[in-house]
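Biologist: I've never looked at this one before. Could you walk me through it, one question at a time?

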Amino acid sequence: MYLHISSKLPIIDVQKAFSNAFPFLKIEFFKSHDEHYLLPGDRNIAEAQKKITEDSIEVKAEMKVKELEEALNKLFPLHAQVFRRSGNIWLETTMTDEWTLEQQNEHGREISASDTKKDAIRGDYDLSRDND
């Protein structure tokens with residue numbers, strides 16, 4: 001897949017394109033690497049970095065998270081962080097930046113599926129449900 005980056009493009013458009021390819025991952029953009037000021041999706045990419053080069057970047061499933069984040073910073077420059085879904089929360093992938101996007105996405109799928117199964121099992125053993 002290719003992520004198109006343009007200064008006038010809303011951040012949410014880049015996020016949606018990324019999440020369409022990797023449904024258990026999301027990408028967030030920050031004002032700077034040090035500040036960690038998360039930019040909302042309704043803002044334009046230009047708010048993440050004033051000197052945006054309009055271009056596209058090829059994102060492959062076998063690309064490591066670290067490689068994607070570094071490429072976005074080098075090419076555009078954008079400060080990005082990939083997050084993985086874990087049930088109903090999102091975790092930063094900083095401890096597993098060496099994993100590929102495919103590995104991250106699959107792990108998110110497995111964790112989220114097992115949480116759904118646990119919820120179904122808990123509901124199945126709800127002792128108060130027949131006391132209406």
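Modeller: Sure, here come some questions and answers about a predicted model.

Biologist: Let's start with the sheet of three strands: what is the order of its strands?

Modeller: This sheet is open, and its pairing is antiparallel. β2 (25-30) and β5 stand at the edges with a single partner strand each, so one side of each has no neighbour in the sheet. That gives the order β2-β4-β5.

Biologist: By how many degrees are neighbouring strands of this sheet turned against each other on average?

Modeller: Ignoring direction, the average turn between neighbours in this sheet is 40 degrees.
Strand β4 (residues 79-86) has β5 as an antiparallel partner, and β2 also pairs with β4 in the antiparallel sense. So for neighbouring strands here, with β2 and β5 at the edges, the value is 40 degrees.

Biologist: And how many bridges are there between β2 and β4?

Modeller: The two strands run in the antiparallel sense. One spot to look at is E28, which stands opposite Q81 in β4. The pairing of β2 and β4 covers six bridges.

Biologist: What about the other side of β4: how many bridges join it to β5?

Modeller: Again the strands run antiparallel. Here you can look for R85, which stands opposite W90 in β5. The number of bridges joining β4 to β5 is four.

Biologist: How many of the six residues of β2 are buried?

Modeller: β2 is mostly covered. E28, for instance, has a relative accessible area of 11%, and buried means under 20%, so E28 counts as buried. For β2, the number of buried residues is five.

Biologist: Which residue forms a salt bridge with E28?

Modeller: The closest N and O atoms of this pair are 3.2 Å apart. The partner of E28 is partly exposed, with a relative accessible area of 22%. That partner also lies over the face of F83, at 5.7 Å from the ring centre. The residue is K26.

Biologist: Now the salt bridge between K66 and E98: how many residues apart in sequence are the parts that it ties together?

Modeller: K66 and E98 have their closest N and O atoms 3.6 Å apart. K66 lies in helix α2, while E98 sits in the loop between β5 (89-92) and α3 (101-124), so the pair ties together parts that are apart in sequence by 32 residues.

Biologist: Which residue is linked with K66 and E98 in a network of salt bridges?

Modeller: K66 is partly exposed at 37% relative accessible area, and E98 is partly exposed at 45%. The network of salt bridges links these two with K64.

Biologist: Over in helix α3, what separates E106 and R109?

Modeller: Their side chains meet in a salt bridge, at 3.2 Å from N to O. E106 is partly exposed at 35% relative accessibility, and R109 is partly exposed with a value of 35%. Because the two are three residues apart in the helix, what separates them is about one helical turn.

Biologist: Which residues of helix α2 (residues 65-75) are buried, and why are they on the same side?

Modeller: The buried ones are V65, L68, E69, A71 and L72. They are on the same side of α2 because the arc they cover around the axis is only 160 degrees.

Biologist: Is the one aromatic pair in the structure stacked, edge-to-face or tilted? What puts it in its class?

Modeller: A search of the whole structure finds one such pair. Both partners are buried: F18 has a relative accessible area of 0%, and F22 is at 6%. The ring centres of F18 and F22 are 5.3 Å apart and the planes are at 45 degrees, so the pair is tilted.

Biologist: Last one: which strand pairs with β1?

Modeller: β1 has a covered face with L3 and I5, and an uncovered one with Y2 and H4. Y2 stands opposite E58. The pairing is antiparallel, over four bridges, and the partner is strand β3.

Terms used: Residues numbered from 1 in each chain as written. Predicted model: local features only at pLDDT ≥ 70, side-chain atom pairs only at ≥ 80, totals over all residues. Heavy atoms only, no water. Buried < 20%, exposed > 50% of the residue type's maximum accessible area, 1.4 Å probe, protein only. Arc of directions from axis to C-beta. Phe/Tyr/Trp six-rings, centres within 6.5 Å; stacked < 30°, edge-to-face > 60°. Lys NZ or Arg CZ within 6 Å of the ring centre and 35° of its normal. Salt bridge = Lys/Arg side-chain N within 4 Å of Asp/Glu carboxyl O. Pairing = 2+ DSSP bridges. Axes fitted to C-alpha atoms, helices over the stretch in contact; angles between N-to-C directions.
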